[in-house]
Amino acid sequence: MTKSQYYIPIGPIHPALKEPIRVEAKVEGEKIVEVDVKRGFAHRGIEYMGMKRNAIQALYLSERICGICSISHPYAFVVGSEKALGIEAPPRAQYIRTIIAELERIHSHILWLGVVAHEVGFDSLLFWTWKGREKVLDVLELISGNRINYSMYMIGGVRRDLKESHIKALKEMIDYYRIFNQEMKNLFLADPVYKARTRGVAQLSKEMALKVNAVGPTARAAGLRMDIRQDIPYDAYADIEVRGIVPQDIVGEVYGDAYDATLVRIYEIDQSVDIIEYCIDNLPEGKIMAIPNYVVLLSKIKRTKGEGIGAHEAPRGEVIHYFKYDGTRDGPAVWKVVAPSYNNINSWAPLLLGAEVADIPVVVAYIDPCMCCNDRIAVVRDSSGKIVDSTTLHRMAVEKTMRIKKELGVKE
Amino acid sequence: MVNKMMFVLLKQVVKKPFTNPFPVKHAPKNVTELIEKVQKGEVKINPPVPLPEEGFRGKIHYDPERCIGCQLCIKVCPADAMEWIPELRKIRHYVSRCMFCQLCVDICPGKKFPGEEKNVKALSMSNDFLLADYDKYSDNLIEEPPEAKEKGL
């Protein structure tokens, strides 16, 4: 009799993966019967680095946590820090922050739509969607000075003001995306091939979404109306009635599959465009920084004792930052980051179980995973399953370097 | 099967490419020769993408004459791209480490020469973004006072 079960390891480094993660699957024919997801390959120790630096340096470090949504971590950082320090950003700064965050949501969602088109094998659609994404990146470059890392936020405000030329460009962009998004609805949602490929794939029920703690568009696609902008409003979102978009509002029924995730994300682009339009129509006048001088700001941080939690609805889900300032140094004494992909990756194992091998790319892509966000801690276990502590690891690393040096014959 | 997607995608065939064109249309046989020709002005190459009119964050320009040696840029730099030269009381900036956040430019107090009304900052953002190099310590990627190089500090 021939062997019926095969073991397929994918990753951590694999041509199909953009970032390191390991999926171990056992397959019978085309069906996956056993699956295990292992993470922790992209841990960079950013929280520890932030605790050694001052708060302004750590803010720009937090911009580098995520590779795509570079403003969502700083947003949670500034909201949490302002709570801990007891300062509040001026209204104009709050509105500008909201505009930047929504611009980023547009570009991140269009990026995801391109990626999922690529994963189902529609590469011409990938190029078409990314062509549309250029417009929002150009606007972000005009406002902030760079396309991806905007460096706009500061504790207690924003660093750059919106000028008349920026508002003109934003209005032009809004008109462009109203047409572009209508085209995207036609292309993605009305296309029979795309529907056949995604309907019923990666189907997450409401109960399962609650069980695996799914957040963001993944949870909303499963029919849970949860959105930080609606549940804990902050900044300009408090003035706008934001309601989380769920498929039952749009089509009346919920499947919770990859098609519903597409639906939710495309309608969220519409919602973001509406929020930006409201913000530029009602942009308050005034200053943009609560404490304009960075040296004064750092000395205030040094004098302050306090803690705070900042939450922001990033394109992928909720980002939460916890801070503690102990009043002895000008940086955070404790800094903890919770990223949305950590929760959403939990849904891979139940969804892959029983799926076909060809569905793996869709299941992996539909939550819009970001490995570099979610790896917050890395532990190493020895053969008996015990966690190896850092001093032992350091000693082993030194020993290995010595051994390699000896093998290669390196002279000191 | 004919659907909306086919029309949209077929329309792209007659449109002009959205992306920035390559410097020359076809790959040259000899790149060095081409670069020499461009420098002589015999061949024209397609320019890189246009920049926004103002506010672009490119390579940092450092004017040592305006630097007062306050070290505030070293205090805020998130990437540790600034180095203090104690002998000259000036800084050295490594562009290969820089993350273009503009904090040092914001915090720089600058200096005014006699006859000027306002302080002019020692650090400023330029529009230069083509920074590829073989060596991360090449002259193009280090901004320092000229005396530092002469004295070998």
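## A pair of packed helices in chain A

In this predicted model, helix α4 (residues 91–119) of chain A and helix α12 (residues 258–281) of chain A have axes that come within 9 Å and cross at roughly 155 degrees. Because angles over 145 degrees count as roughly antiparallel, this crossing makes α4(A) roughly antiparallel to α12(A). The handedness of the crossing of α4(A) and α12(A) is left-handed.

On the side of α4(A), the contact is made by A:Y95, A:T98, A:I99, A:E102, A:L103, A:R105, A:I106, A:H109, A:W112, A:L113 and A:V116. On the side of α12(A), the contributing residues are A:T262, A:R265, A:E268, A:I269, A:S272, A:I275, A:I276, A:C279 and A:I280. Sorted by character, the residues of the contact of α4(A) with α12(A) comprise twelve that are nonpolar, four that are polar and four that are charged.

## Chain A as a whole

The two helices just described belong to a chain that has 18 helices and eight strands. The radius of gyration of chain A is 23 Å, which is close to the 22 Å that the globule rule gives for 412 residues, and chain A is therefore as compact as a globular protein of that length. Measured out along its principal axes, the C-alpha trace of chain A spans about 80 × 65 × 40 Å.

Of the 412 residues in chain A, 47% are buried. When the contacts in chain A with a separation of 6 or more are considered, 69% of them are accounted for by residues that stand 24 or more positions apart in the chain.

## Two residues with a positive phi

In chain A, the residue A:A202 has a positive phi of about 55 degrees, although A:A202 is not a glycine. This residue is found in the loop between α7 (192–198) and α8 (206–211) of chain A. A:A202 has 26 other C-beta atoms within 10 Å, and since a residue with 20 or more such neighbours is classed as buried, A:A202 is buried.

In chain B, the residue B:F100 likewise is not a glycine and yet has a positive phi, of about 55 degrees. Its place is in the loop between β3 (90–94) and α4 (103–107) of chain B. B:F100 has 19 C-beta neighbours inside 10 Å and therefore counts as partly exposed, as the class of buried residues begins at 20 and that of exposed residues ends at 12.

Methods: Residues numbered from 1 in each chain as written. Chains lettered and ligands numbered in written order. Predicted model: local features only at pLDDT ≥ 70, side-chain atom pairs only at ≥ 80, totals over all residues. Helix = DSSP H or I, 4+ residues; strand = E, 2+ residues; numbered from the N terminus. Rg over C-alpha atoms; globule rule 2.2 N^0.38 Å. Contact = placed C-beta atoms within 7 Å. Axes fitted to C-alpha atoms, helices over the stretch in contact; angles between N-to-C directions. Parallel < 35°, antiparallel > 145°, perpendicular 65-115°, else oblique. Left-handed = near helix turned anticlockwise from the far one by under 90°. Nonpolar A, V, L, I, M, F, W, Y, C, P; charged D, E, K, R; others polar.
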